[in-house]
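Please look over the sequence and structure below before reading on. The report then takes the helices and the ligands in turn.

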Amino acid sequence: MEWFVKAFLKASLASLALGVSLGLAMAAHPPWTIHRVAHMHLVLLGFVTMMIYGVGYHVVPRFAGHALHSARAAGWHWWSSTVGLAFMIVGFMLRAVLPTSGTWILVAGGSLSAIGAYLFVYVIWRTVDGSPAAQAAVARARESANAARRAPLPNLPVSSR
Ligand code: HEM
Ligand code: HEM
């Protein structure tokens, strides 16, 4: 398993733990529901989306039968999404009390998270298509299968009986 697959799964699980803890805190102390959007993004952007990123990077290349388009971009994606999520959560929580500085931190984190998501779209899209070499190999295999289908059947020896 690639390092970034493990790292996405761990970031996802850590977000779930933090998200449900904040949920429980809000349930126990209603004034803290001002942090509802931080809770929501921890569980939806953190837990759900990071889990999909990690599982997607592991499974899509195997389903598609092509190597992952760029492991380097997937590694950068992990950094961008993880640092971005951390800034977003701080930004959302700060914005509930300090709107201006909270918004700037949220915009910085949101931009990193969005860059991460765009990287995922790009890498998975290219992985589904496969490299030009893989596409050429598939075309060659299809052509030789067609040629074999068109070839006349060999003359089989006829029994003398
Ligand atoms: C121990 C687990 C959880 C607890 C105790 C919890 C608790 C809460 C609380 C207290 C609220 C605020 C409700 C209000 O504004 O009055 C809330 C909102 C929300 N939670 Fe959770 N939550 C938990 C897990 C989850 C999970 C796993 C998800 C999604 C995967 C989730 C998604 C949401 C969403 C989307 C909202 C916003 C709802 C809205 O504003 O309409 N929560 N949660
Ligand atoms: C780049 C990533 C993202 C950014 C920057 C972002 C930003 C935001 C912002 C600024 C809000 C408004 C919060 C407020 O009312 O104060 C919001 C709301 C919301 N976001 Fe996101 N978001 C992102 C990704 C996601 C993802 C991936 C999901 C779900 C899988 C999601 C689900 C929601 C929902 C359901 C709301 C409505 C909350 C409500 O009004 O109760 N977001 N988002």
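What follows covers helix packing, two ligand shells and three single residues.

## Basis

The model is predicted. Local features are reported where pLDDT is at least 70.

## Helix packing: H1 with H2

Two packed helices are described by the angle between their axes and the distance between the axes. Three pairs are treated in this way below.

Helix H1 covers residues 3-28. Helix H2 covers residues 36-64. Their axes lie 8 Å apart, and the packing angle is about 160°. Angles over 145 degrees count as roughly antiparallel, and H1 and H2 are therefore roughly antiparallel to each other. Their crossing is left-handed. The contact of H1 with H2 has 17 nonpolar residues, eight polar residues and one charged residue.

## Helix packing: H2 with H4

Helix H4 covers residues 99-129. It packs with H2 at an angle of about 20°, and the two axes are 10 Å apart. That angle makes H2 roughly parallel to H4, since the cut-off for roughly parallel is under 35 degrees. H2 passes H4 in a left-handed crossing.

Which residues make the contact of H2 and H4? From H2 come Leu45, Tyr53, Gly56, Val60, Pro61 and Ala64. From H4 come Ser113, Phe120, Ile124, Thr127 and Val128. By class, eight are nonpolar and three are polar. None is charged.

## Helix packing: H3 with H4

Helix H3 covers residues 71-95. The axes of H3 and H4 come within 7 Å. They cross at roughly 155°. H3 and H4 are therefore roughly antiparallel to each other. The crossing of this pair is left-handed. Its contact residues divide into 21 nonpolar, twelve polar and one charged.

## Ligand 1

Which residues surround ligand 1? The shell begins, in sequence order, with Val20, Gly23, Leu24, Met26 and Ala27. Thr33, Arg36, His39, Met40, Val43, Leu44 and Val48 complete the list. H1 and H2 are the elements that give two or more residues to this shell. The largest share, six residues, comes from H2.

By class, the shell around ligand 1 has eight nonpolar residues and three polar residues. One residue is charged. Arg36 is in the shell, and Arg is in the charged class.

## Ligand 2

The shell around ligand 2 includes Val37, Met40, His41, Leu44, Leu45, Val48 and Thr49. Gly110, Ser113 and Ala114 are also in it. H2 and H4 are the elements that give two or more residues to this shell. The largest share again comes from H2, here with seven residues. Six shell residues are nonpolar and four are polar. No charged residue is present in the shell around ligand 2.

Some residues appear in both ligand shells. Met40, Leu44 and Val48 are among the residues around ligand 1. Met40, Leu44 and Val48 are also among the residues around ligand 2. Other residues link the ligand 2 shell to the packing of H2 with H4. Leu45 and Ser113 belong to the shell around ligand 2. Leu45 of H2 and Ser113 of H4 also take part in the helix contact.

## Met93

Is Met93 buried or exposed? Met93 counts as buried because it has 20 C-beta neighbours inside 10 Å. The cut-off for buried is 20 or more. Met93 is in helix H3.

Met93 touches His35 and Ala38, leaving aside residues up to four places away in sequence. Met93 and His39 are 54 residues apart in sequence. Their C-alpha atoms are 9.4 Å apart in space. His39 is also one of the residues around ligand 1.

## Two residues of H5

Helix H5 covers residues 132-150. Pro132 is in this helix, and so is Arg149. Pro132 is exposed, because it has 8 other C-beta atoms within 10 Å. Arg149 is exposed too, with 7 other C-beta atoms within 10 Å. The cut-off for exposed is 12 or fewer.

Pro132 and Gly54 are 78 residues apart along the chain, and 25 Å separates their C-alpha atoms. Arg149 and Leu119 are 30 residues apart in sequence. From C-alpha to C-alpha, Arg149 and Leu119 are 42 Å apart in space.

Notes
Residues numbered from 1 in each chain as written. Chains lettered and ligands numbered in written order. Predicted model: local features only at pLDDT ≥ 70, side-chain atom pairs only at ≥ 80, totals over all residues. Near = placed C-beta within 6 Å. Helix = DSSP H or I, 4+ residues; strand = E, 2+ residues; numbered from the N terminus. Contact = placed C-beta atoms within 7 Å. Axes fitted to C-alpha atoms, helices over the stretch in contact; angles between N-to-C directions. Parallel < 35°, antiparallel > 145°, perpendicular 65-115°, else oblique. Left-handed = near helix turned anticlockwise from the far one by under 90°.
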